Amino acid sequence: MKLRKQVTVCGGAIFCVAVFSLYLMLDRVQHDPARRQSGGNFPRSQISVLQNRIEQLEQLLEENHQIISHIKDSVMELTDTGAVSPSGHLPFRSANGSWILPFDGRPTFLAIKPQDCQFSGLRRGHPDVQMLDVYSLLKFDNPDGGVWKQGFDITYEPDEWDNEPLQVFVIPHSHNDPGWVKTFDKYFSDQTQHILNNMVVKLAEDSRRKFIWSEISFFSKWWETADAQKQEAMRKLILGGQLEIVTGGWVMTDEANAHYFAMIDQLIEGHQWLERNLGITPRSGWAVDPFGHSATMPYLLKKANLTSMLIQRVHYSIKKHFSSTRSLEFMWRQAWDTGANTDIFCHMMPFYSYDVPHTCGPDPKICCQFDFKRLPGGRINCPWKVPPKSIVEANVAERAQLLLDQYRKKSKLYRSKVLLVPLGDDFRYDKAQEWDQQYINYQKLFDYMNSHPEMHVQAQFGTLTEYFSALYKTYGVPEGTRPTDFPILSGDFFAYADREDHYWTGYYTSRPFYKSLDRVIESHLRGAEILYSLAVSNARHAGMEGRYPVSDYALLVDARRSVGLFQHHDAITGTAKENVVIDYGTKLLRSLIGLKRVIINAAHFLVMKNKDFYRFYQTEPFLETDDRRATQDSLAQRTLIELDPAGPRYVVLFNPVEQERLCAVTVLVNTVRVRVLTEDGQTVPVQLSAQWSSASQMSAEVFEATFMARLPPLGLAVFHLYDSADSPMTLRSDTLLRLPGRGVTARAADPLPVRSLQADSQTFYISSQFLVLGFSGSTGLLESIRRREDLLEVKVQMQFMVYGTRPSKDKSGAYLFLPDGKAKPYSQKETPVVRVVEGPLFSEVVAHYQHFQQTIRIHNVPGVEGLSIDMSTTVDIRDQTNKELSMRLVTDIQNKDLFFTDLNGFQIQPRRHYLKLPLQANFYPMPSQAYIQDGQYRLTLHTAQALGVSSLDNGQLEVILDRRLMQDDNRGLGQGLKDNKKTVNRFRLLLERRGMDNKRDGFFNKFSTLFRSFSQILSDEVQEMMDTGVTSFPSILSHMTSAILNHEVLAMPVLPKRRGIPSLQTFAPLKSSLPCDMHLVNLRSIQTQQDPLNPSPYTALIIHRLGLDCALEPQNMAFNCTTTQGQLNISGLFKNLDVQLLQPMSLTLMHSGTALANDSTISLDPMEISAFKLKLR
């Protein structure tokens, strides 16, 4: 009775505080004359004032809500220690049918500081060129431009260079694909090694000769096979400025499908190799072949201390527009940048290709005559039927004048009188003869031009940085600084079309099996790096470095390089030949096996309670891996844990996420008699389910045991599994088979009975404490979502669609998406078998179709895991011909033509659906998420693999799942896509309420309704302005949803030992979770200078501070989520480890700042990625 009075008093106090706070806020608003306007007729000048005031009010209300929520939670703690069942602590069904679980009931809170919410709403200066505006402006027509087919006629006055001569830098290059039509190793042995061998000899013959090289994967392989004399000759060329390493990544990365973790990692791997072997730091970026360009790349290059960059594959209409406005060179700025901190100078090549016919000027017929590899008698010639001529005294004047005319016309497209002219193509300069043909003939032309002042030109061979340096010098500005009057650009360059309506949007999905495998290995690589760094640091701290397998570092290096290689723009893109894909897959699988070894070895050491008992045996691992893959193209099979009545089995769970995690973990066991205990002996709820071998056939030997676990951030937790008599905490799933009228019968194995019924068309539902999902009785596919606190359900109808390819000569292939019109609904004669599974920890609906199996699961777990829908689509279209399967979500969200996709998992890019563009042009890459929204809801589709996405109509979101195409699309591959695999595409679907008026429940909701009526003063015009801005950010819940999808918990069984298992304990490496707007990109052990396969005592800490949209309804995350305005104390981060060095570094660790005091607090701006060198001991 006394307790009840206390609760009543506390509740009343809360009510009074809330009412009084709201009264003060509304009173403050009333006295603001700027708010007295009514309706939507605001003067433009007052819109920003109004918006700022409302944001302030929202922040005050949010702070008030957080205070009330904390008090309310505390009050609830007095009366309710978690969800307690009538019988004590057993799972039970509530009145509404959802399961209530006993769990630790630990109070958690969400405390995002208002200052950390301001970034998304900040005013940003309008750049000179915003790519969203360019797309709106252009007609995307394709008139014949004359000799420059996709451009226009260029004219000039002969005296334009009289006062300032034209400076021409001809830049010889050879584009070496690390795998495409041949494998990486075959290219190296057939061509690349000869290019580099000839380079050493031919560049040394004349100090005026220059060259650039990009791919370190090839360069490092050559270096390892070269003798000391060749190495020294190469080093001399580089240090002497004749050879420049450009970009310096392991590969020239794809920019559409690659995740920023891997983009950074391959850049670090290349730069670290250069630093160790050559002591050089790249200054300029070179990307001539990626099929479209992402805004993420300039940010990463800038953070790596590069000052300039070059791009090539951009839509021909955009190139023409930029050429006509002389905007081909610009400062590329991040759309979210509030200043100029992210600006990097970028040069866009103007013409069709990076080959010689399309780089000297607008007329390929003339430029081809100056590709001296095509001299008569060679293996290749000019398609325009006019061959090159060797330069001799009799023709040098005429040839020089002809070439200079092209140079002048090209220079008219740029603002400076400094001109860049690439001279190369794929795998060029592999024969000594070509070096002589190009360099000798060009030198004759240069000598003639330079010795005739009346031509007003200075021409020479140059490197990329020499070109940029000359341009900066012309304008009198420091390197990397904006030259006067050069435009500032924001946005990206997708989708790419090289001619007609040939949009390169197919490769966003091509070979999804390997796109998925790539991300699995990236997660393992990150997890292995973190655990290895922590294990080695802890071993050093304990004086046990000699007993730990430090040599595992070689496995990390191998995996870094395999993952790096796969980021190449013909690898992750799915655009290589079949045998090359197998080679990539074999390398990736080898690396995955190695990474699992690194993880189990680190976990073994870290969970040992008494390290004195630690023994490492190479041939006798302590732990098993969580799963296995039989071959590079097979799906993972989870490890079976065989329980024995004689004693327990132990399983170690690894949480790769930097936040505490409350989640449902599923393991395979060999019995239905399962009991799961925590490390301290607490029994946890278990849901026992069948393992299904087909739509209606279950295994009698293998079962799924799902249990709830709370895991420390970046930590390891130990659970005990027993074969024991039925535990009241172990509940069996309720399984129902919805069968067609005839033909299929269910065979229920005795341990887990199954009910069946004949399917009808009536909607059926599954639910959790947080979500209610409706499904079509006919199709078994999702129809609606209702969040428990909402009265109305939201239509989210899932449809599967099929695209064909056009009947004309140009058809879809690995690169191109050329559909035969709108998609047609997928159909099959048989009604699908639908399996409905319900239980205390999860419920799911599995719909079996001929070419796909769709699983929709909801977890009855508080926090991040329970707030979104877990979706898995297993696709197998190997019997199809020229078909592409898509998954379409049809909703009643009024997004009109606006949708949002991510760039590389790093940032969000708004998109518009344009009717003026063909269907295929409206598809964009989706490496990690896409969403649609209106004033009420945001629906986000999170993905664990890169795929192509679009919103082709109001309320729709559509993703291409797989493509099977029988022909080449004439872009050089020479094959279709016929090596499809059975592929699992994994997603999470998150429905969020928009606006600060949507709070959790109870009395606060009533106050927020008052605020909602006040906020109606926002006109439709202002709302549209807010929604159609150039920036958008995920919510904190959305960020965390992406993290748990991409970084699954690894469940590693401890192998039974004859001598028994020593005591194990939880390993929690962090003193507390990171601020929840900070993501640990990597904790990467740094190589020694002497031996690349051994670690130094130093570790690279790479942190990304996330950009947040706080205008989405905050939710209970089930962990303590706090933000700190970008502040982080490193010395207070790691438990039991001392920070002996804290040094800011450039992103790729090549440039170091001044070392900070070890107890310093570092600071990051929103969206910033920063790197630090640590010494942990």
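Colleague: Before we get to the strands, when do two of them count as a pair here?
Modeller: Two strands pair if DSSP finds at least two bridges between them, and please keep in mind that this is a predicted model.

Colleague: OK, so how many bridges join β19 to β21, and do they run parallel or antiparallel?
Modeller: Strand β19, residues 640–641, is joined to β21 by two bridges, and these strands run parallel; within that pairing, Ile641 has Val669 of β21 as its bridge partner.

Colleague: And what about β21 and β24?
Modeller: With strand β24, which covers residues 698–711, β21 pairs in the antiparallel sense over nine bridges, and Val665 stands opposite Phe707 of β24.

Colleague: Is β21 buried or exposed, then?
Modeller: Nine of the nine residues of β21, residues 661–669, are buried, so the strand is largely enclosed by the rest of the structure.

Colleague: Which residues point which way from it?
Modeller: Arg661, Cys663, Val665, Val667 and Val669 point one way from β21, while Leu662, Ala664, Thr666 and Leu668 point the other way, and all of them are buried.

Colleague: Switching to helices: at what angle do α7 and α8 pack?
Modeller: Helix α7 (residues 260–277) and helix α8 (residues 296–303) pack at an angle of about 40°, with their axes 11 Å apart, and they are therefore oblique to each other.

Colleague: Which residues make the contact?
Modeller: On α7 they are Tyr260, Met263, Ile264 and Leu267, and on α8 they are Thr296, Met297, Leu300 and Leu301; by class, this contact of α7 with α8 has seven nonpolar residues, one polar and no charged ones.

Colleague: Left-handed or right-handed crossing?
Modeller: The crossing in which α7 passes α8 is right-handed.

Methods
Residues numbered from 1 in each chain as written. Predicted model: local features only at pLDDT ≥ 70, side-chain atom pairs only at ≥ 80, totals over all residues. Heavy atoms only, no water. Buried < 20%, exposed > 50% of the residue type's maximum accessible area, 1.4 Å probe, protein only. Helix = DSSP H or I, 4+ residues; strand = E, 2+ residues; numbered from the N terminus. Axes fitted to C-alpha atoms, helices over the stretch in contact; angles between N-to-C directions. Parallel < 35°, antiparallel > 145°, perpendicular 65-115°, else oblique. Left-handed = near helix turned anticlockwise from the far one by under 90°. Contact = heavy atoms within 4.5 Å. Nonpolar A, V, L, I, M, F, W, Y, C, P; charged D, E, K, R; others polar.
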